[in-house]
Every structure is written in structure tokens, then in C-alpha cells.
Amino acid sequence: MASLEVSKEVKFKAGEEACTLDGTVDCRGNPAIRSRSGKWFAGIIILLNQGLATLAFFGVGVNLVLFLTRVLQQNNADAANNVSKWTGTVYIFSLVGAFLSDSYWGRYKTCAIFQVIFVIGLVSLSLSSYIFLVKPEGCGNEDSPCPSHSSLEIGLFYLSIYLVALGNGGYQPNIATLGADQFDEEDPKEGHSKVAFFSYFYLALNLGSLFSNTILSYLEDEGMWALGFWVSAGSAFLALILFLGGTPRYRHFKPSGNPLSRFCQVMVAAMRKFRVEMPPSAEDLYEGDGKECSNNSIRRILHTDGFKFLDRAAFISSKDSDNQEQGFHNQWRLCPITQVEEVKCILRLIPIWLCTIIYSVVFTQMASLFVEQGAAMKTTVSNFRIPPASMSSFDILSVAAFIFLYRRVLDPLVGRIRKTNTKGLTELQRMGIGLIIAIIAMIAAGIVECYRLKYAQKDCTNCEGSSSLSIFWQVPQYAFIGASEVFMYVGQLEFFNAQTPDGLKSFGSALCMTSISLGNYVSSLLVTMVMKISTEDHMPGWIPGNLNKGHLDRFYFLLATLTALDLVVYVACAKWYKCIKMEDRANEYGV
């Protein structure tokens, strides 16, 4: 902390260029000069990189369920489960990337390494599809499923897609945080840009997937799987080159060391002093000597009430005083209050984070059951066939529209109504609105499925396109999901970035992705449980291979009910939540 204060004093000496105030450094490790680094120049490079990488990722993910059914000959339920598990694994790997970034490598190095892995996985997938899987050439479309494959060929396919999962998962949380690092929040103008960056980041993510969901989706739906995967590999390689080209302009935070050891030190120190009688005031707690604070986080975190047991870790006992007089400090007996507050911050975030998992169950249906539902509807307009996966383009357009409406209309309007100059809706309020819209989306999907069944052929053999109900009736459910994303996922990105300590920013972004991960696993578990229960007494079940004999509508209504229950729990957790309080700054969040 002392070194930070000294650096602030020298930043504005006559004849010197102003440096950032948030402690960022340039690629050489020197204090970052404001005019030569970061801001929107670096931010736009990162946004372009994110768009290209997303195009590459969704070029694989958006039609993966159809690849599994048409090329690898899996049934609908197994394919949906495998897509959910794969997507979940992508986001589990985000924790690996966040840990390495915050602890050892830093965000830039972590992004570069995992992007290389991402490119290798896509090249391997393209080669295996071209040489082994899509044979004979042209198979894998609606009318010509591919023959069976050997265990070695299927193993190579799974190795490739899980390399893609590792590369994209480790890269994603760090690129979002690296982008936010380019704006100094100690500067009012750059601080406003930092808040806007998260909306544009999510917009770039969705615009990048627009090409995948339209052009690539059409190519793959027509059986040109290898070509689609090669386009994804080329896009990922271009994203990597662009990212490396921006190296001289990036601002960096130095990694702060292993957060797990800091967490354990607080728990052990608090348990060692569980019999200590605590003073009524927090003023007697150990503040640290500046050196410790700089190692763990750039800014001091102020003491907050709650989890008072952990305050014992910062209580200076007589033994601690003796150790200090001898020039010895045992970090497993005495921790600075900033380190204690780091642990409190994470514990407070967990209930909010858990409440976002059910929303992710709803979100993941776009990549699985929405596609299967669309494939069983009328997909032709004149002589043109609409790929079911391309309907997610309406989700992307909805995201773009609602980001504009929120930032330009709703947010200023709420601010004027409240007669404040600050932001309108808080992040927690926006996440609650996202849950409400998700409930509406599931109800809409269930109603569409009821009408699809009404106009469907029950005894069809190949049931793709077996209902006379147009696939465009899916537009409302995709649009509602897109609107909910703007409130839920953009709100999550801002919330977790703002509410995590400085040494755990990548971990904050990884929490968002891990929520999606667990949502996919819960979705897979839920599908398995529903099929097990609904297929008793030789019934076809809710989600059979022939959807015309099932009740997918009941599954959608079940998700709407679970999301409504989750909303009730979320509101209670949001009211209980207390925000992080940084030195000289304390933003409040609430419902």
C-alpha cells in the first residue's frame, strides 16, 4: 500500500507523463502510462478478439447436438446430455484458467497459452472430421446419416472437442477481466468506460456467434461439417494473431499469489483463537504493514460486520505481540483485516452465485432441446430450408437490441425517476429481472410445444419437419432468452468483477462461467431423471427420440416452476447481501 501511495505522488511531477492510479503496469513491468496504454484502443482489440474466438467456439457448439445424432448416431436424449456435459466442462476449465491467472501467470499470459490450446483443438477436430468421421463425403445432413465409426475415431473426436473446451474455458474469464483492466476506475471517465465495456463485451460475444448461428450452421446442417470446423479453426487463429498484436498496448495487474493459501491461513488463524474474547471495536484488529496488503491486493478492504468468527484471525493476541517484537510474523496465526475480508467477500458471493445456476439450466436449452424442437417443426420457406440451430440468431438480435435499450433508455430513465446521478438499476436488481424473463421464456417454449404437438404426425419414422407448425413460432422464446441474458449475464459480469477483491478478479469472471457449467450439468441430470421417471410402465417419456410421442412441453413448464422457486430464494439472498468496501470507496448493491 505504501508503494502505491509513493507512486501516486510521483505520477504528476512536471515534465512526466501521467500514469494510471490503479496500479497497472505495462508489458515491461513499469507503471502504465495513461496516454500510451489501455483505454478503448486496447479494449477494441480485445472485443474483436472475443468476437472471432466466439465465432470459432460456437462454430462447433451450436450444431454439436446435430453432429452427435447425424454423424455419431446418438439418440436425442444422449446427444442433449453429451452437449450439456461438454458445455459444462468448458466452463469448469474457466476455474483452472482463473486460478493460474490470479496466482501465477497473470491474465495476458494465461489468455495467450489457452488460445494456443484452443487453436490446436479446432485443427485436430477439423482433421479428424475430414479424414475419418464425415465419410462418405456429404453424409451427416438431414437425409444421409453417417455410418458407424471405430472406437479410435470416436476417441479422437472427443479428445479434440475437449481440447477446444480446455482452451476456450481457460481463456474466457481472463479475456473479460483483461479487457476491464484497460480502464482505470480511479479515473471518473475511464471508470464509466469500464462499466460500459462489459455490455459491449457481451455484445461482441453474441455478434461473433451470429455468423456461426447462420452461415456455419447452414453449412454444417447441409453436411459440410469439415468446412465449418475449418472456418472455426481459421477464426481462432486470426483471433490469436490479433491478440498478440495488441501486446504493447495492454495494461496488466501483477498476479497476487495463491488465493487458496490466503483463504486457508484465515480459517486456521481464526480456529486457533476460537476461545479468544474479541474487543467490541474493529479498530484493534491487525491492519497489516503495507507490504502484506500489496502482496495480496492493490487496495485495502475495509472491515465489515458479519462472519465475526473470521475476525479472530486479525485479533492481535499476546503471543502475536511477542512475535512482532521479535520481528517474526506467523501468517497462520495473524492475518491482516484485508485478507480476512477477502474470505468474507467470497462467502457472501456464494449464495448469489448458487441462485444463478437454475437460470443457466434454462439458458442451455437453446443449444439442445430448442434445436431438437425446431427440427421437428416446419423448417422450409418456399424451397429454402432453415437450419434449426440458426434460430438462435434471434437470441443474438434480442441481446443486441436490449443492450441498446438498457444502456440508452432504461438505465437513464430509472436514474431520472430516482433523481440520482448514479446508475439506474443495480446489478442485483438486473439479475432478478433476468430470472423473471427466463420464466416467461420457458412458458412461451412450453406453449409453442403444445401447439407443435397439436399439428404433428404421431407415427412418423423420420420426424424432422413432421409438424406443420412453422419454426418461426420459436422466435418469442429465443427473444425472451436474449432479453434475460442482458439482465442476468451482463449483470453477473459487472457484479462479480466489482464485488471480488483485486487479487481475485479473474475468479470473479470464472464464477459467471462456472454458473453456466453447473447449469449444464444440472440440465443433464434433470433430463436423465425426467426420462427415468417418465418412461416407467413402458411409456415413451417426456423427451423420446420421436418428440411427437413425448411431452417436451411438460419439461419446459417444469423449468419455469423451478426458476420461479429460484427467484424467491434469490430475492432473499440479495436482500441479505452486503457489498465489498474498498478503502476510499464503498459501492452499495441491493434489491
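Are tyrosine 359 and tyrosine 489 buried or exposed? Both are buried, meaning under 20% relative accessible area with a 1.4 Å probe on protein chains only, where exposed is over 50% and partly exposed is in between.

A word on the source. This is a predicted model, in which local features need pLDDT of at least 70 and side-chain atom pairs count only at pLDDT 80 or more, while totals for chains, interfaces and linings use all residues. Residues are numbered from 1 along each chain as its sequence is written, and side-chain values use heavy atoms, leaving out hydrogens and water.

Now the rings. The whole structure has 27 aromatic pairs; rings of Phe, Tyr and Trp (its six-membered ring) pair if their centres lie within 6.5 Å, and planes under 30 degrees apart count as stacked, over 60 as edge-to-face, the rest as tilted. Tyrosine 359 and tyrosine 489 make one edge-to-face pair, at 5.2 Å centre to centre and 80 degrees between the planes. Tyrosine 359 is in helix H13 (residues 357–363) and tyrosine 489 in helix H17 (residues 475–499), so this pair ties together parts 130 residues apart in sequence. Helices here are DSSP runs (H or I, at least four residues), numbered from the N terminus.

Phenylalanine 495 and phenylalanine 496 also pair edge-to-face, with 5.4 Å centre to centre and 70 degrees between the planes. Phenylalanine 495 counts as buried because its relative accessibility is 0%. Phenylalanine 496 is buried too, at 0%.

Elsewhere, one aromatic cluster is formed by Trp40, Phe183, Phe197, Phe198, Tyr200 and Phe201.

Terms used
Helices (H or I, at least four residues) and strands (E, at least two) are DSSP runs, numbered from the N terminus.
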